Amino acid sequence: MKDAATNYLLALLSGLLLILLYPRFDWTWLAPVALTPLLLAALRERRPLHRFLLGYAAGNLFWFVVCNWIQFVLEVHGGMGFWGGWGTFFLFSLYKGLHLGVFAMLAGWLMPRPWAVPGVAALWVGIERTHGTFGFAWLTLGNAASDMGVLLRMAPFTGVYGMSFVFALTAAALALVILRRPRWQFLCVALLPLMYLLPRLPEPAAPTQTAIVLQSNVPEDTEWTIRTVDETIQRELRRSLIAMVGNGGNEPKLIVWPEAPLPVSYFRNEDFREQANNLARTTGSYFLLGTVGQTKAREPLNSAVLISPQGEALDRYDKVYLVPFGEFVPPLFGWVNKISQEAGNFVEGTRIVVFPFASHKLGSFICYESAFPHLVRQFPKAGADILVNISNDGYFGGKAAREQHLNLVRMRAVENRRWIIRSTNDGITATVDPAGRIVERLAPFEETAAAVHYGFVEGTTFYTEHGDWFAWGCLLAGLGAVGQAIFAEFRSRNI
């Protein structure tokens with residue numbers, strides 16, 4: 001009983017350390033050791049089911065704290081009330097804890113083996129890659145490296161998962177040190193300085209282009225009428241026009257509005273469409289805005305449209321990855337009220353769109369899609385030399401999720417070596433350079449239209465071209481190592 005209590009304390013300690021890595025704490029220096037307590041607990045516990053429960057406890061703690069913004073969404077915007085919001089969110093965290101439970105169960109077979117350190121690191125990355133595959137992705141362990149220059153050199157080759165691998169590797173090595181295992185079993189850590197041989201991240205460079213970004217600061221609980229919708233639109237058009245005239249900007253001129261916080265559609269509202277087209281014509285600018293599109297079956301889409309300086313819609317991108325509980329209800333939670341005010345659930349987009357942007361190309365991903373590296377890379381792979389992230393983070397309230405979301409965008413910039421312009425409803429609106437550095441950011445919760453600066457980058461990174469080769473390779477290697485460990489254990493028992 002005493003051993004079981006110790007194991008659970010170790011597992012929960014790992015859950016706590018993982019929480020402390022991200023905003024609002026940002027104790028990123030803990031990343032190399034965050035998994036160590038859980039690995040020690042997994043080694044101490046020889047029963048697979050009990051190991052699973054150890055990881056499951058840590059996973060529940062992590063998701064329950066880091067993603068508590070989901071509870072806020074369900075209670076305040078989903079109309080589920082205090083108990084309904086907390087109850088549903090608790091079920092969500094129970095579901096998400098499964099990944100860490102599986103990791104702890106499988107890692108327990110690896111930890112006694114001589115190849116434990118690389119095996120555990122590969123297993124962690126492989127399982128981490130499956131989060132999006134099974135319904136919800138957010139922060140990865142590697143996101144803690146957003147300000148670690150040398151580690152970030154891996155991102156253009158392996159994506160964020162290379163940093164996750166390094167942190168899991170060091171955590172496993174520390175566990176073996178504590179256990180006083182032979183030194184040769186964790187000597188692979190000595191290879192980490194080879195990262196210095198990777199190309200340096202781009203040095204800070206003066207941006208060459210100017211864009212006007214709108215931060216609407218529209219409250220999510222606004223009760224809309226025909227009058228308030230029109231007043232808000234006129235105010236935003238006027239702010240954008242004044243900001244563009246006042247700042248000029250290099251060619252091509254660009255105005256960016258965030259993911260639509262208003263119940264108005266560019267495609268269905270003729271008056272708004274003409275007003276938006278006139279703004280582009282009057283300023284001689286390209287105009288990117290979030291709106292609600294429709295499929296041929298009249299199902300709602302969360303979309304971005306780019307209008308040319310001649311006042312014509314060039315194309316429309318429809319959001320591929322929708323927010324669970326926000327834009328659609330996961331099948332397992334079909335009884336949950338929708339947050340969206342649309343008549344039905346949003347449906348997923350089906351294609352990557354790269355907009356023509358004078359002699360350049362522009363890719364725009366929407367809100368939560370920043371959590372999916374394999375999606376964002378497809379825009380620069382298709383030729384986009386500037387990326388734009390439009391978002392409506394108003395559903396987060398005052399939660400740390402705003403900073404977490406910006407952290408995700410920063411990593412996408414490094415992976416693809418692209419400038420990213422980020423326009424949000426009420427923060428955090430910012431520009432990020434190709435090394436993931438925040439160049440400019442607007443104060444949150446302010447209605448404003450401001451000039452931000454960016455540049456174009458041509459060429460593609462290895463990650464942009466080849467995607468998650470490293471993460472999927474780790475999954476195969478990790479599962480292979482587990483299989484070999486199980487076979488060795490079975491054979492030793494039957495000799």
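Reader: How many disulfides does a search of the whole structure find?

Author: The search finds 0 disulfides. Please keep in mind that this is a predicted model.

Reader: How do you know that Cys188 is not in a disulfide?

Author: A disulfide needs two cysteine sulfur atoms within 2.5 Å. The closest cysteine sulfur to that of Cys188 belongs to Cys474 and is 13 Å away, so the pair is too far apart for a bond. Cys367 is in no disulfide either, with the nearest cysteine sulfur, in Cys67, at 13 Å.

Reader: Why is Cys367 called buried, and Cys188 partly exposed?

Author: Buried means under 20% relative accessible area, and partly exposed runs from there up to 50%. Cys367 has 6%, so it counts as buried. Cys188 has 24%, so it counts as partly exposed.

Reader: Let's turn to the helices. What makes α10 and α11 roughly parallel?

Author: Angles under 35 degrees count as roughly parallel. Helix α10 (residues 226-247) and helix α11 (residues 270-283) pack at an angle of about 10°, and the two are therefore roughly parallel to each other. Their axes are 10 Å apart.

Reader: Which residues make the contact between these two helices?

Author: From α10 come Asp230, Ile233, Gln234, Leu237, Ser240, Leu241 and Met244. From α11 come Phe272, Gln275, Leu279, Thr282 and Thr283. Sorted by class, the contact has 6 nonpolar, 5 polar and 1 charged residues.

Reader: Which strands form the sheet that includes β1, and in what order?

Author: This open sheet has 6 strands in the order β5-β4-β3-β2-β1-β12, with mixed pairing.

Reader: What makes β5 and β12 the edge strands?

Author: β5 (313-318) and β12 (448-454) each pair on one side only, and that is what puts them at the edges. From one strand to the next, the twist averages 30°.

Reader: How do you know that β4 and β5 pair?

Author: Pairing asks for at least two bridges between two strands. Strand β4 (residues 300-307) is joined to β5 by 5 bridges, so the pair qualifies, and the two run antiparallel. In this pair, Ala304 stands opposite Tyr317 of β5.

Reader: Where do α10 and α11 lie on this sheet?

Author: α10 packs on the sheet and touches β1, β2 (254-256) and β12. α11 lies across β2, β3 (286-294) and β4.

Reader: What makes the direction of α10 roughly antiparallel to that of β1?

Author: Angles over 145 degrees count as roughly antiparallel. The direction of α10 makes about 160° with that of β1, so the description fits. α11 runs at about 165° to β3, so the description fits there too.

Reader: Which strands form the sheet that includes β7?

Author: Here 6 strands form an open sheet in the order β6-β7-β8-β9-β10-β11, and the pairing is mixed. Its edge strands are β6 (354-357) and β11 (438-441), each pairing on one side only. Neighbouring strands are turned by 20° against each other on average, direction ignored.

Reader: In which sense do β7 and β8 pair, parallel or antiparallel?

Author: Strand β7 (residues 360-366) and strand β8 (residues 386-391) pair in the parallel sense, over 5 bridges. Phe365 has Asn389 of β8 as its bridge partner.

Reader: Which helix lies across β8 and β9?

Author: That is helix α14 (residues 401-416), which lies across β8, β9 (420-424), β10 (430-432) and β11. Its angle to β9 is about 160°, over the 145-degree cut-off, so α14 and β9 count as roughly antiparallel.

Reader: Where are the cis peptide bonds that join Pro23 to Arg24 and Gly427 to Ile428?

Author: Arg24 is in the loop between α1 (2-20) and α2 (36-44), and its bond with Pro23 has an omega of about 20°. Ile428 is found in the loop between β9 and β10, and the bond from Gly427 has an omega near 10°.

Reader: What makes phi of Asn217 and of Ala358 worth a look?

Author: Most residues other than glycine have a negative phi. Asn217, in the loop between β1 (209-215) and α10, has a positive phi near 55°. Ala358, in the loop between β6 and β7, also has a positive phi, near 55°.

Reader: Why are Asn217 and Ala358 called partly exposed?

Author: The partly exposed range lies between 20% and 50%. Asn217 has 26% relative accessibility, so it falls in that range. Ala358 has 47%, so it counts as partly exposed as well.

Methods: Residues numbered from 1 in each chain as written. Predicted model: local features only at pLDDT ≥ 70, side-chain atom pairs only at ≥ 80, totals over all residues. Heavy atoms only, no water. Buried < 20%, exposed > 50% of the residue type's maximum accessible area, 1.4 Å probe, protein only. Axes fitted to C-alpha atoms, helices over the stretch in contact; angles between N-to-C directions. Helix = DSSP H or I, 4+ residues; strand = E, 2+ residues; numbered from the N terminus. Parallel < 35°, antiparallel > 145°, perpendicular 65-115°, else oblique. Contact = heavy atoms within 4.5 Å. Nonpolar A, V, L, I, M, F, W, Y, C, P; charged D, E, K, R; others polar.
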